[in-house]
Amino acid sequence: MNQMLKMDQQIAKSEVMAREIKQSRELFRILFYRSPIGTYIIQDGHLRLVNRQFAYILGYEEDELIGRPSLSFVLPEDRDAVRENAVSMLKGGSSLGYEFRVVNKQAKIKWVMETVVPIYYRRKRATLGSLIDVTERKQMEERLKQITDEMQRSNTELEQFAYVISHDLQEPLRMVSSYTQLLAKRYSKKLDADADEFIAYAVDGAKRMQTLLHDLLDYSRVGTRGKPFSLVNCEHIVEQAMANLKIAIEECGASVSYDVLPTIMGDEGQLVRLFQNLIGNAIKFRREEAPQVNISAQRRNNTVTFSVKDNGIGIDPQHSQSIFEIFRRLHTKEEYQGTGMGLAICKKIVDRHGGHISVQSQPGQGSTFYFSVDMAGGEAE
Amino acid sequence: MKSKTAKRPIEILIVDDNPGDVRLTVEALKAGKVQNKLHTAHDGVEALSFLRRKGEYADAPLPDLILLDLNMPRMNGSQLLAEVKEDSALKHIPVIILTGSRDINDVVKTQNLHADWYVTKPIDLEQFTRAVKSIIDFWLTTVKLQTEER
């Protein structure tokens, strides 16, 4: 009776064990063979165990791969690097996300990402690896890099082009301008009224074109002639900008104030120019009353946002984007002078400092210009 | 001493390949009150022959002042300036860079070469006339200083 019971118990126990073994084999089969990640074991440089996904990445059947040297699937140019990585893995314990190229059965090159760890397999040292096919991502990265390079090149070319034409056109234009002015000086009132008028238009046209070229040259210089970034105190920057605008500020009785401003990484000359253009605009586009301009700064994380607030004529919100384009003007030259280049230069300076510029305004209610600067001080490419 | 220097006309060498610019300088000098004699060289090579009295320039006077354009063929303004400032017979002559270039790089290079002055060819005729007048004033001051040194 007792014996029978013991046997029953043992049978029950071994049935449980058998079931557990069966279950864990099944689990292993699922985890290993059905895994969506290529998994394999390498020992003495040869593949000992591979799963279906690994074989699929390489374009083989699983049993075709067993016993083959693992490096034979690696693109010859990448073999040294893969070998070195394996050696450093053995020293360091593991290697995460190492990327290289393999050649599959159909002789196609694929990019893969491998993670390996050292293990013991059948009592000997071995390597357990997992592999993901990253060919598509690599191709996209490559394409993106090409596009970025292409864009950078064409951008640089465009800047150079703008610089060269605006620079080289100055010389002949100076001749036209100087000699029409000389004509006007010597011969006005000596010819007839028509001649005086024609000369006056020629003088005016040449002068305006010189101003346009000059501003275009300034604009292209933001990109081509910028200085390396250094630590700059923005209160000093604003003081310099105000000193440059001294006459304009005094003439219209403007009051310009600023709150506590931080020290940032940037191009000092360009930042002075930026504040000077914004304060200058605030004064230029004033209403009847004396202009009031206030500058403040707010820091959030790694970004400082400056604001330049005025009580001027304001801007219709429908123009709040276009005013930053080159040669964009909202007024006739009889109403307000200028080439429409000031805010385009501001935008370019802000772009170079890794920030963004915008305006909030309503007609007749003043404007506030906001621009941000990256505190980390990385110059935007 | 001062009156003695003022009586003699200033000998000016203008080195510029653009006849339009040369003529403008002539016109601007006419408006000034100081008597002057203007000599022209069209590039650095010609200017150097003039200054060293070579060939056709054997009888050329040593100028009191050189007005120099930067952008010229053959030998440009920077090269000529370097030559002049290394020549012990010429280096005392004040050299004024007169150029259409507003490029700050030119200014820096020029300062390394010890130009005595740098004048941007102005957009405006009135400004140009004023600039030429200030050049003459500069020359008078320099001559005065040199006379006092002796």
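This note goes through chain B, its contact with chain A, and the nonpolar cores of this predicted model.

1. Overall make-up of chain B. Chain B contains six helices and five strands. Read from the N terminus, helix and strand alternate, in the pattern α-β-α-β-α-β-α-β-α-β-α. Chain B has 150 residues, and 30% of them count as buried. Among its contacts with a separation of 6 or more, 67% are between residues 24 or more positions apart.

2. The sheet. The five strands make an open sheet with parallel pairing, and the order across it is E2-E1-E3-E4-E5 in chain B. Strand E2 (36-41) and strand E5 (117-120) of chain B are the edge strands, each of them pairing on one side only. On average, and with direction ignored, neighbouring strands of this sheet are turned by 20 degrees against each other.

3. Strand E1 and its partners. In the strand order of chain B, E1 sits between E2 and E3. Strand E1 (residues 10-15) of chain B is joined to E2(B) by six bridges in the parallel sense. Two residue pairs can be picked out along this pairing: B:Ile12 is opposite B:Leu38 in E2(B), and B:Ile14 is opposite B:Thr40 in E2(B). Towards E3(B), E1(B) has four bridges, and these two strands also run parallel. Here B:Leu13 has B:Ile66 of E3(B) as its bridge partner. E1(B) is mostly covered, with five of its six residues buried.

4. Helix H2 over the sheet. H2(B) lies across E1, E2 and strand E3 (65-68) of chain B. With respect to E2(B), H2(B) runs at about 175 degrees. H2(B) is also involved in the contact with the other chain, as the next point sets out.

5. Contact between the chains. Ten residues of chain A and eight residues of chain B take part in the contact. On the chain B side, the elements that give two or more residues are helix H2 (19-31) and helix H6 (125-149). H2(B) supplies the largest share of that side, three residues. By residue type, the chain B side divides into four nonpolar, two polar and two charged residues.

6. The largest nonpolar core. This core has 42 residues, and those with the most contacts inside it are A:Val238, A:Ala241, A:Phe275, A:Leu278, A:Ile279, A:Val308 and A:Cys346. Helix H9 (residues 268-284) of chain A gives the largest share of this core, eight residues. At least three residues of the core come from each of domain 3 (136-225) and domain 4 (227-381) of chain A.

7. A:Ala241 and a separate core. Neighbours within four places in sequence left aside, A:Ala241 is in contact with A:Val272, A:Phe275, A:Gln276 and A:Ile279. Another core, of 31 residues, lies apart from the largest one; its members include B:Ile10, B:Leu13, B:Ala41 and B:Ile97. Of these, B:Leu13 has already appeared as the bridge partner of B:Ile66 in E3(B).

Methods:
Residues numbered from 1 in each chain as written. Chains lettered and ligands numbered in written order. Predicted model: local features only at pLDDT ≥ 70, side-chain atom pairs only at ≥ 80, totals over all residues. Contact = placed C-beta atoms within 7 Å. Nonpolar A, V, L, I, M, F, W, Y, C, P; charged D, E, K, R; others polar. Buried ≥ 20, exposed ≤ 12 C-beta atoms within 10 Å, placed from the backbone. Pairing = 2+ DSSP bridges. Axes fitted to C-alpha atoms, helices over the stretch in contact; angles between N-to-C directions. Core = buried A, V, L, I, M, F, W, Y, C linked by C-beta atoms within 7 Å. Domains from an automatic or database assignment.
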